[in-house]
Structure formats: C-alpha cells, structure tokens
Amino acid sequence: MKRILVGIKRVVDYNVRIRVRPDGSGVVTDGVKMSINPFDEIALEEALRIKERGGAEEVVVATVGPADCQQQLRTALAMGADRALHVQADGVLEPLTVARALLQLIEREQPLLVILGKQAIDDDNGQTGQVLAALWNRPQATYASKLELTGETARVTREVDAGLETLEIDLPAVITTDLRLNEPRYVKLPDIMKAKKKPLDTFTLAALGVEPRQQLKLVRFEPPPQRQKGIRVKDAAELVDALKKKGLL
Amino acid sequence: MSAKILIVAEHDGKKLNPSTAKCVTCARTLAGAQVTVAVLAAEAAPVASQAAQLSGVDRVVTVENPANLHALAAVLAPQVVALAAPFDIVLGPSTTFGKDLMARVAGLLEAPQVSDIMAIESAGRFRRPIYAGNAILTVEKAGEGKVVGTVRIASFEAAASGNSAAPIEKSTVSVTLPTHTRFISVSAAKSDRPDLQTAARVVSGGRALGSADGFKILYSLADRMGAAVGASRAAVDAGYAPNEMQVGQTGKIISPELYVAVGISGAIQHLTGIKDARTIVAINKDGEAPIFEVADFGLVGDLFQIIPEIERLIS
C-alpha cells in the first residue's frame, strides 16, 4: 500500500508566552496549552492532500513521547490521518532517539514518504528529519515549500538562504516542511468524534529495541537578556538626527 | 588537551560565505583550539585560499569531487564523516546549508548535535537559544565522543582575512556517494543590495506595507542607506516579499548595526531574529505594537509618509 508516515511532536502552543522556571530547571509547562508543533501540522496537511489527490492510500501519524501526546495524535486523526502510532517514552528525548524509534516504525510500515516539520518550536533543534534520513540511508529534502510526486521520484522546492532550490529525489525519502508548503485545515467537530474510533497503537521504546540515550545534559535554563527600553521620537527629522548622532546614517 | 575543531565551509564554488568566518571566531573562543576548515567542492582552490587567509585557521583540507558542484547534504555528509575522525567538534554555520548538512552528519556519526551555538564555554559545554530565543539553554556533553554543532552566526563577528595563509592539504576520501538526490535548479533574485545576513544596515517591512508594490518605498530607502531589505513572515506569507527575505525564528537571524522595522508589529518569532541588532528602530502606526518594547527609537505614524520623508532627509 502507498503509505505516508508523518511524525508529529507535542509542544507548548505557539501563542504561549514562555517563562523559565526560577530554579533554571526548565520552562513552565504546568497548565500551559499544548499543541501539535506547527511545522508538523503542515507535514500532516501535505500528506492528507497527497492522499486526496490519489498519490497515497493511507496516512499514518506517529509520535514519540509521554502518554499526554495521545491528545495530539487524536487531533491528527481528526484532521484526517487514518491511523496513529504512539511510541511511549518519558524524559528528555534527543533527536537521535526519536529518529531511531521512527526508523523502527518505517521498517514496519514501509512508507513511500516520511514527512516531518523542519523544526520543533520548543527546542528549535531542527535535526530529527536529517538524522532519520541518515540512519535510513535515504534522501532528505528539508525546508520544503513545494512537493510533487512523480512515480518513483519526488521534485521538491526548498526554501534556502539564496532563494528557492529544486531537488529531485528517489523515493522513499524524508521531507521536512517549511511554513509556506500549505495552510493546515481546521478540525471540524464531527471529525473529532470520528477520530475517537480510529486505530491508535502504542509501543514502548524497548519493544522497538531502541535504548534512549541522553548524550547532552541540560545544565541550566535562563531567561534571555532583556533589551533596554528605548525612546519615542516625534517625527522623521528627529529620528534621522538621532541616528546621525550615533553614526548610523 | 586542546580541542580539535573541524569547520565545514559554506561556499558557492567561487566565494567563501561569510558564515564560515563566523564559525572560525566561534571555534577560536575555545582557548587553544586547533581549527581546520574543510572545503568540499568540485574545484576547491579559490575557496580554499580564501579560507586559508582567515585569521585563526590552522589548516585547510580540500576534497574535490564533481559530485560536490552543488551542496547536497546527502552527498556531502559521508565525506564530512570521513574527514571527521580525528576531530572532537565538527561545526557548520546555522544557515540553511549548515542546518541541512550538519544534522545528517550527526545522524551518520550517531553523535549529539548542538544547534545554534551562541557560546562555547568549554570543549563540551555550549549555550544555545530555545523557544524562539525566549530561553537560553546550557548543554554539556554527557559521554565520550564527538559533538556536532551549528553556529548561530549572529552571535559572532567574522574572523578577519589576514595576509598569512594556513597550509592547504588535498584530501581524498574513499566513500561511496549516493546518487539518489539530484540538484535541479536554484532561483535567486539577483540583487545589488547587501546580503541580508551580513549587512550592517537592514530595513525590514511587514504586512502594513500592503502589497509588493508597497515594498518599493523600502527598496528605495534601503538603496539610499546602502541597506539590505528584510521582511516579516506576514509580509512573505502575503506574497509582498520573497522567502529569502524573511527575518525571524524560522527565517534569517541577523545582527546588523542598524535594523529599521517598518510596519512590523513584532511577534516573538520576529523579535528572535533581530535580538542581536545593535540599534533597532520601529516605525508603526500602532503605538502599542510589541516592536516598541525592543526598539531603541520608536516613531508612531503613517509609514507611507515617514519613509519617503526619511529618504529625503538623508539625501
């Protein structure tokens, strides 16, 4: 079956103002709204659109994380994913551990394509897609803003510093999404009800034969230095004067 | 023991990207570091000689292969891994080139990667921003083995280009390179303006510019100032400006001397891209916009009147 595997991550919602815990042990997450990482939502939307165009028959969504992640998997099912896979794992999960778990799921599911967000907006690592592609020994096309499947290959337009780059890659492959690939759909209430009946399988890391390894200790979290508040100028002339005085113009 | 650091050079086949000189400065903050720059190219000589002249570089190694004509992560990564054996730390810039490549290198090495390094505190201890720069995390390598990293280039000055030249050594790596990834094209707008990532002055526009046409007043001002032009995500999403102009968490992170934000409200994700600007100017009709919280100089008013007036005043 032509299948797309989408990896998602549960993160602190985009709109939450982040506060560092006073003891420096992390950021405040108690009572904070959690969501699907926005880039992963774009990944799922792209997979659903490919399926709707007839380019795939099944969209499987997967996550690696604690029990609460099932909320985000249910949201993904409500968006339209056919099945969900939850790899239960607690504590700090580094990209290598997550990629190893995803690789095990790939071996079970044999997807045509794996789509992930280009980075998670919590740790901003931006690694999992590339690490997975390396372990899998398959192509990667990161920062995708356009994706066309043509049989055995895909043509991917990537947002790079210079502009837009187009690659042709053999399938299967790993794609990571950039912001402008698509605009994810909203979930409708009846779909939330339907999603409750869709299959959600759980695994443990141990069952997949993955040993979680923490190679980087998280020593300390700190709030960033604050910029001094500046002054208001009344018009363009005062602004230009002020900038000239500072030697900036 | 002094740390051995390998830096993967970013270049376009002719010119070394300034991001590499910033990686050199980052590496040099570690006392006693031995810094080697790797140039992987179809023809390495022009880029290698530029890298060799950077102050703080001890050695340049080149790997020439026709497959290296375009920077494809899947093709470059196994070559970087082959070179990496004697090194403790393998660095690349936190640009789309480096972010794409280094994590693949880390995956092949099964080594930890520290993304967006803003400070090296010791050979195994690094500081980096997380949550769009709303927290700073210190991490420390837990075991033996290499660390891979990407360097947040806005945090470092470029190493100077001096007169002395480090030795350049040709290296041959015997690895099989994949053919599953093929370069088709790159479309970049040709511009005579300074490069956004290294410009001393940047003028940036937001959704309030209203259209691609509205951006013309910014281009005009920027040309008068010798500035690069940037844009907020909202402006890029709306099609007023191309993606390579986006500044912010998921766009470019910049550190100009002067940043002029025009019609940009200042979402957290945008502010994270400009935190290291020396001086920030905000021009916005909404006096309550969050951009004013970080601006050194704020001016409330109609940008379509203010921008041409500024241009007139500095002519």
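Reader: What makes the about 660 Å² between domain 1 and domain 2 of chain B a buried area?
Author: Buried area is what two parts lose in accessible area (1.4 Å probe) on being put together, summed over both. Domain 1 and domain 2 of chain B lose about 660 Å² that way, so the name fits. Carbon and sulfur atoms give 38% of it, and B:Ala132, B:Arg152 and B:Ala154 supply 66% of domain 1's share, more than any other three residues. Mind that this is a predicted model, where local features need pLDDT of at least 70, side-chain atom pairs count only at pLDDT 80 or more, and totals for chains, interfaces and linings use all residues. Residues are numbered from 1 along each chain as written, chains are lettered from A and ligands numbered from 1 in written order, and side-chain values use heavy atoms, leaving out hydrogens and water.

Reader: Where do the bounds of those two domains come from?
Author: An automatic or database domain assignment sets them: 4–170 for domain 1 and 201–314 for domain 2 of chain B. Their centres, over C-alpha atoms, are 31 Å apart.

Reader: Why is the pair B:Asp276 and B:Arg152 called a salt bridge?
Author: The rule wants a side-chain nitrogen of Lys or Arg within 4 Å of a carboxyl oxygen of Asp or Glu. B:Asp276 and B:Arg152 have their closest N and O atoms 2.5 Å apart, so the pair passes. The rule finds two salt bridges across this domain interface.

Reader: And what makes B:Glu140 and A:Lys217 a salt bridge?
Author: Here N to O is 3.4 Å, therefore B:Glu140 and A:Lys217 pass too. Between chain B and chain A the rule finds nine salt bridges. The side of chain B that touches chain A has 37 nonpolar, 23 polar and 22 charged residues (Ala, Val, Leu, Ile, Met, Phe, Trp, Tyr, Cys and Pro are nonpolar, Asp, Glu, Lys and Arg charged, the others, Gly among them, polar).

Reader: How many residues does each chain bring to the contact?
Author: With contact meaning heavy atoms within 4.5 Å, chain B brings 82 residues and chain A brings 75. The two chains bury about 7,100 Å² between them, 52% of it from carbon and sulfur atoms. In chain B, B:Arg104, B:Tyr131 and B:Phe297 lose the most area to chain A, together 10% of that side's total.

Reader: How do you know that S12 of chain A and S8 of chain B pair?
Author: Strands (DSSP runs of E, at least two residues, numbered from the N terminus) pair if DSSP finds at least two bridges between them. S12 (residues 216–222) of chain A and S8 (residues 135–141) of chain B have six bridges, so they pair, and they run antiparallel. One of the bridges links A:Arg220 with B:Thr138.

Note on methods:
Helices (H or I, at least four residues) and strands (E, at least two) are DSSP runs, numbered from the N terminus.
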